[in-house]
Amino acid sequence: MSFQKCPICNGVGQVSGGYFGRAGDYDRGIASDTIEVCKICRGWGIIDEITGLPPEYQTKGEGDGSSRYGNE
């Protein structure tokens, strides 16, 4: 298995709040003062080169308090 840096969050695992808003929902906009976990890599910052999925198909630290972004 080979991984690449997530092209959406640039390997950070986070994006500005509102980045993944519904298409055409321009009222919501992107908020630079909030962040959310990248929905493509699910916070890992990397995706599989072939499948486009993160290393584990679940949110990093889901439910166990170990996430680097707090308790999601």
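**View 1. I46 in strand 4 and the nonpolar patch to which it belongs.** In this predicted model, I46 is placed in strand 4, which covers residues 46-48. The residue is partly exposed, its relative accessible area being 30%. Together with M1 and F3, I46 forms a nonpolar patch on the surface, and the accessible area of these residues together is about 320 Å².

**View 2. Q4 in strand 1 and its contacts with residues distant in sequence.** Q4 lies in strand 1, made up of residues 3-5, and counts as partly exposed because its relative accessibility of 33% falls between the limits of 20% and 50%. When its neighbours within four places in sequence are left aside, Q4 is in contact with G45, I46, I47 and E49. D48 is 44 residues apart from Q4 along the chain, and the C-alpha atoms of Q4 and D48 are separated by 6.3 Å.

**View 3. The cysteine sulfurs around C6.** The closest cysteine sulfur to that of C6 belongs to C9, at 3.8 Å, and this separation is too far for a bond because a disulfide requires sulfur atoms within 2.5 Å. For C38, the closest cysteine sulfur is that of C6, also at 3.8 Å and likewise too far for a bond. The count of disulfides by this rule is therefore 0. C6 counts as buried, with a relative accessibility of 1%, and C38 is buried as well, with a relative accessible area of 1%.

**View 4. Positive phi angles at N10 and R42, two loop residues.** N10 is not a glycine, yet its phi is positive, at about 60°; this residue sits in the loop between strand 1 and strand 2, the latter spanning 14-17. R42, also a residue other than glycine, has a positive phi near 55° and is found in the loop between strand 3 and strand 4. With a relative accessible area of 25%, R42 is partly exposed.

**View 5. Confidence along the predicted chain.** The mean pLDDT of the chain is 76, and 62% of its residues reach 70 or more. Confidence is highest in strand 1, at a mean of 96, and lowest in strand 3, residues 31-37, at a mean of 80. Over residues 62-72 the pLDDT is below 50, and this stretch has 19 contacts in the model beyond near neighbours in sequence.

Key:
Residues numbered from 1 in each chain as written. Predicted model: local features only at pLDDT ≥ 70, side-chain atom pairs only at ≥ 80, totals over all residues. Heavy atoms only, no water. Helix = DSSP H or I, 4+ residues; strand = E, 2+ residues; numbered from the N terminus. Buried < 20%, exposed > 50% of the residue type's maximum accessible area, 1.4 Å probe, protein only. Contact = heavy atoms within 4.5 Å. Patch = residues over 30% accessible without salt bridge, like charges linked within 9 Å, V, L, I, M, F, W, Y side chains within 5 Å. Areas by Shrake-Rupley, 256 points an atom, 1.4 Å probe, with all protein chains shown as cover. Salt bridge = Lys/Arg side-chain N within 4 Å of Asp/Glu carboxyl O. pLDDT = per-residue confidence, 0-100.
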